[in-house]
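Work through the following exercises with the model open. Each task is followed by a solution in steps.

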Amino acid sequence: MKKITKMAMAVTLAASMLITAACGQTGEGTGGNGIAGGDGNAEKTIHVAAINKGYGIDWLEKMLEEFCSSRDLKYVIYPVYTDGELTQKIEAGEEVCNYDLVFAGTDEVADSKYLLDLSDVLASVIEAGDGAGMKISDCIDDTVYAALEDSNEEGKYYRMPWTGGINGLLFNNTAIQKALGNDWQSTYPCRTTDELLDLCEALKKAGLAPFVHAAATNYYSYLYEGWFAQYNGTKGMSDYFNAVYYDFMGEPVVGYDVVRNAGVLESAKIMESIFANGYSHEKSNSIDWEVTQTYFMSGQAAMFSNGDWNNLEMMKQFPDNDIRFMKLPMISALGTKLGITDEELASVVDYVDGKGDNPSISSGDYTETEIFDIVSDARAWVASYVDMHNVFVPEYSKNAENAKEFLRFMVSDEGQHIFSETTKGLTMCYGYDLSKDAIYNDLSDFAKTRWELARNAKFYIASRAEAYSKAGLAPFQARTKAPLEVLLSRDGDRYTAQMVYDYDYDYYKNNWSLIQSKLK
């Protein structure tokens, strides 16, 4: 049995923990500040720095153990708690940094001149399993893969995602059942945002706060950015981030008027309906993030916007609560855009989800097939940090080939199984079919509802590849003043959805020349 030694180290950047291990023996190391660990043999010891936040590093330790056990290798893990620690160490150079792999929570942990190009890894052909015969790059969502390309070097890829993070709407089923009964989802199916607001009203009448938020955070972007993506769809998203809109003749135009996008306004209107109408906990604007999590987990609020790391962080403290993901309700304004009623939109959502018969629906502007295709596309969008959780190999790694081989192992079925098993049902973004895994039937409802979102997800990510996106074009600029949920709910100087929408327009009108100057 492999032994693992853990020791707390005082380091110059932060208090970090060093984990060392070897096949059949105890590894030794001297610190999270990058001094060599293991047996000192660089070719036989993989030095790994890892951000230790919501997802933890248990999965990484288990994966390294499996990888090294059959290759006569050792490994050392240096947990860190801010990406700044990683950046400073890597850019300090090889005299200070001995990392071979860096698992970070950011899309750019250091200037690319300090990193190895991983294009050859992404171009590797998977030998077995679900992706057999495919390149690793072919298994990644197109939007995500495009964003991975280095912005200054065409065809160069210095990062790979290490998780397939799903962010969105969580609900405390235990708390809602106490308020509305065990069969509450039959009455309040929440297929559309209008139906979500019906649920909010029922919860409020039952004495349970529908939502909770913290004034200093911006986690509800997972909802309104998802609604923005639903409203616009895949093509509309590409148009937006390329600054393309259409004039009254249907001709494409490039300019700041692109931000007069109805999806921005309609998403803000839903937020306004939630947070300006008493559907959030009365203390929301005066509590911090840790308190919001506790309120939600303890049943003082029914719904919460968070990422799929939630249960890894919280279930040890709250093991008895039934927390699940809700598929983000379809923005009801999409039905209006398609010329159908909210009831018709809900029936199409049911059909797309495989829960209802084929409804016979058309409108003056769209055929039945077009409506199904648009709603199906919209239903798949999720907000994600998949572009932010990346692994890098420093340019001066003394063990680069083993580091790259580990990345190939990471995306194999064996590696992805280890990730899912250790994280209790989370997945990476490389096409692994969790439902075929032997662990699936024993997973929690949280993991299964999360998988329903992940299995066909279209990812809304911050670091999109379109030219104007890279130059700074992004919706909801008003949140730079305060999180939108705060702007729309605070007692004084409250914003309306229209004010949020107008703020965006004024911002880009006044700053468009600056954005154009950043185009590459």
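**Exercise 1. The surroundings of helix 10**

Task: State which elements cover the buried residues of helix 10, which residues of helix 10 are buried, and what is found at the ends of the helix.

Solution.
Step 1. The cover of the buried residues of helix 10 (residues 289–297) includes strand 7 (167–172), strand 11 (301–307), helix 11 (310–314) and strand 12 (323–326). The model is a predicted one.
Step 2. The buried residues under this cover are W289, T292, Q293, Y295, F296 and M297.
Step 3. At the N-terminal end, D288 acts as the cap, with a side-chain oxygen 3.3 Å from the backbone nitrogen of E290.
Step 4. Just past helix 10, G299 has a positive phi of about 90 degrees.

**Exercise 2. A residue within helix 10**

Task: Classify Q293 as buried or exposed, and list what it touches beyond four places in sequence.

Solution.
Step 1. Q293 is part of helix 10.
Step 2. The relative accessibility of Q293 is 7%, and buried means under 20%. Q293 therefore counts as buried.
Step 3. With residues up to four places away in sequence set aside, Q293 touches F304, N306, N310, E313 and M314.

**Exercise 3. Helix 8 against helix 9**

Task: Describe how helix 8 and helix 9 pack, starting from the angle and the distance between their axes.

Solution.
Step 1. Helix 8 (residues 221–241) packs on helix 9 (residues 262–275) at an angle of about 140 degrees, and the axes are 8 Å apart.
Step 2. Angles over 145 degrees count as roughly antiparallel and those from 65 to 115 as roughly perpendicular. The two helices, helix 8 and helix 9, are therefore oblique to each other.
Step 3. The crossing of helix 8 past helix 9 is right-handed.
Step 4. Helix 8 contributes Y224, W227, F228, Y231 and N232 to the contact, and helix 9 contributes A262, G263, V264, E266, S267, I270, M271 and I274.
Step 5. Sorted by class, the contact of helix 8 with helix 9 has nine nonpolar, three polar and one charged residues.

**Exercise 4. Helix 5 against helix 7**

Task: Give the same kind of description for helix 5 and helix 7.

Solution.
Step 1. The axes of helix 5 (residues 173–180) and helix 7 (residues 193–205) are 9 Å apart, and the helices pack at an angle of about 65 degrees.
Step 2. Helix 5 and helix 7 are therefore roughly perpendicular to each other.
Step 3. Helix 5 passes helix 7 in a left-handed crossing.
Step 4. I176, A179 and L180 of helix 5 make the contact with L199, A202 and L203 of helix 7.
Step 5. By class, this contact of helix 5 with helix 7 has six nonpolar, no polar and no charged residues.

**Exercise 5. A loop residue after helix 7**

Task: Locate L208 and describe its surroundings.

Solution.
Step 1. L208 sits in the loop between helix 7 and strand 8 (209–211).
Step 2. L208 counts as buried, at 8% relative accessibility.
Step 3. Beyond four places in sequence, the contacts of L208 are A175, I176, A179, L203, G299, Q300, A301 and A302.
Step 4. L208 and K178 are 30 residues apart in sequence, and their C-alpha atoms are 9.5 Å apart in space.

**Exercise 6. Two residues with positive phi**

Task: Place A243 and D493 in the chain, and decide for each whether it is buried or exposed.

Solution.
Step 1. Most residues other than glycine have a negative phi.
Step 2. A243, which is not glycine, has a positive phi near 65 degrees. A243 belongs to the loop between helix 8 and strand 9 (244–246), and is buried at a relative accessible area of 0%.
Step 3. D493 also has a positive phi, near 55 degrees. D493 belongs to the loop between helix 19 (484–487) and helix 20 (497–517), and is exposed at a relative accessible area of 57%.

**Exercise 7. A buried serine**

Task: Find which side chain has a polar contact with that of S463.

Solution.
Step 1. S463 is in the loop between strand 15 (458–460) and helix 18 (467–470).
Step 2. S463 counts as buried, at 14% relative accessibility.
Step 3. Its contacts beyond four places in sequence are D107, A147, R159 and D387.
Step 4. The side chains of S463 and D387 are joined by a polar contact of 2.6 Å.

Notes:
Residues numbered from 1 in each chain as written. Predicted model: local features only at pLDDT ≥ 70, side-chain atom pairs only at ≥ 80, totals over all residues. Heavy atoms only, no water. Axes fitted to C-alpha atoms, helices over the stretch in contact; angles between N-to-C directions. Helix = DSSP H or I, 4+ residues; strand = E, 2+ residues; numbered from the N terminus. Parallel < 35°, antiparallel > 145°, perpendicular 65-115°, else oblique. Left-handed = near helix turned anticlockwise from the far one by under 90°. Contact = heavy atoms within 4.5 Å. Nonpolar A, V, L, I, M, F, W, Y, C, P; charged D, E, K, R; others polar. Buried < 20%, exposed > 50% of the residue type's maximum accessible area, 1.4 Å probe, protein only. Polar contact = N/O pair within 3.5 Å; in protein donor to acceptor, adjacent residues only side chain to side chain.
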